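Me: I'm new to reading protein structures, and I'd like a close look at a single part. Could you walk me through the open sheet and what packs around it?

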Amino acid sequence: MVTLTERQMMILRAIVRDYTNSGVPVGSKALAQQLPIHVSSATIRNEMATLESSGLIKKTHSSSGRVPSIKGYRFYVDHLIQPDPVRQNDINLIQSSLGSDFHKIDDIISQSANILSNLTSYTAFTLPPELQESRLSGFRLVPLGKRQVMAILVTDDGNVQNRAFDVPEGITADQLEPVVRLINDQLVGHTLPDVLARLNTDIPVEVSHYVTSPEGFLAIFGDVLRKAAQERFYIGGRLNVLNYSDDQDVDSLKSLYQLLDTNDDLADIIGKPSNQMQVRIGNEITNDVLKNYSLITATYDVDQHGQGMIAILGPTRMQYSRVIGLVDAFREELAKKLLDYYQHYGE
């Protein structure tokens, strides 16, 4: 680990704060004006040379100023950061934006992503609490005509998934009705992972009592079920990533947007809930598409209803102190809103 003097840490903190606020490389004269101690420009330049040799700051081609390196941002976040106090007008905005009378958990979570992106000007992700605990509450088939049927699956958290499909040859819609009753009798009330597991064990045998070749129908049911079970990330400020992308290569931008549209990839990147707020910078993020970005993730706790997650994706020169303060305040307000919702609608 790099060991710095108090003055070097003061200078590094000032460089990170100045650069993340302005986007302009920081020179010794600017630092001399803002440091809380009186230090000559020459002394600052010497200290900056030491920080540069340690790999914590680097010189840009277009200016004599310095900017933080990925290593410098990491040191700052781990050892120097002082989260900004959240402004009262930001708290008021969060509370008023969450103050609507929402009728579904997903509406609250979706709105949360938009609020966070507006507050930070970055891209925000929100995930409802404990989706893996969602339970099947009903399954229906609705005839659409010409051998087409709509499969509708509902979970206990209000999530509805549907898919239209053609009834397999040799099977009539009437034959499928007992299968629907079987699914509702046997599987309603079970968690979605449990239901998926039983599709590979006893359910095919049960269904074969009613349908000679159940594979086609069970594949459809499994697809709808997996769609309901996958983690649902809501995204706010999707276009904000373009404001901070240095890479104008079309293929790179396509890869970035494809990533934002793929739930499984987002789940891998954002990771599992942790009691600690996490900051990953550049190559610390598991996807090379995001090597020039930083990701802040945090959980929010809704008592017995479990934990959800929020995340902010921005450039490596993200305003870490402001965003960390906002994320911490926001997760408290979101947890309060969800607890209030569960008390009124979820019991």
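Reply: Here's a walk through the sheet, then the helix across it, then the core.

Keep in mind that this is a predicted model. The open sheet has five strands, in the order β7-β3-β10-β9-β8, and the pairing is antiparallel. At the edges sit β7 (234–236) and β8 (278–281), each of which pairs on one side only. Ignoring direction, neighbouring strands here are turned by 15° against each other on average.

Now zoom in on one pair. Strand β3 (residues 123–127) and strand β10 (residues 307–315) run antiparallel and are joined by five bridges. If you want a spot to click on, try T123: its bridge partner in β10 is L313. As background, strands of a sheet pair through backbone hydrogen bonds.

Next, look for helix α13 (residues 263–270). It lies across β3, β7, β8, β9 (293–301) and β10, and runs at about 85° to β9.

The sheet also feeds into the largest nonpolar core, which has 55 residues. β8, β9 and β10 each supply at least two of its residues, and so do several helices, including α1 (6–22) and α14 (320–346). The largest share, ten residues, comes from α14.

One core residue to find is Y320: along with L12 and L338, it touches the most other members. Leaving aside neighbours within four places in sequence, Y320 is in contact with V279, I281, S294, I296 and P315, among others. Its contacts also include Y73, Y76, V77 and I81.

How values were computed:
Residues numbered from 1 in each chain as written. Predicted model: local features only at pLDDT ≥ 70, side-chain atom pairs only at ≥ 80, totals over all residues. Heavy atoms only, no water. Pairing = 2+ DSSP bridges. Helix = DSSP H or I, 4+ residues; strand = E, 2+ residues; numbered from the N terminus. Axes fitted to C-alpha atoms, helices over the stretch in contact; angles between N-to-C directions. Contact = heavy atoms within 4.5 Å. Core = buried A, V, L, I, M, F, W, Y, C linked by side-chain atoms within 4.5 Å. Buried < 20%, exposed > 50% of the residue type's maximum accessible area, 1.4 Å probe, protein only.
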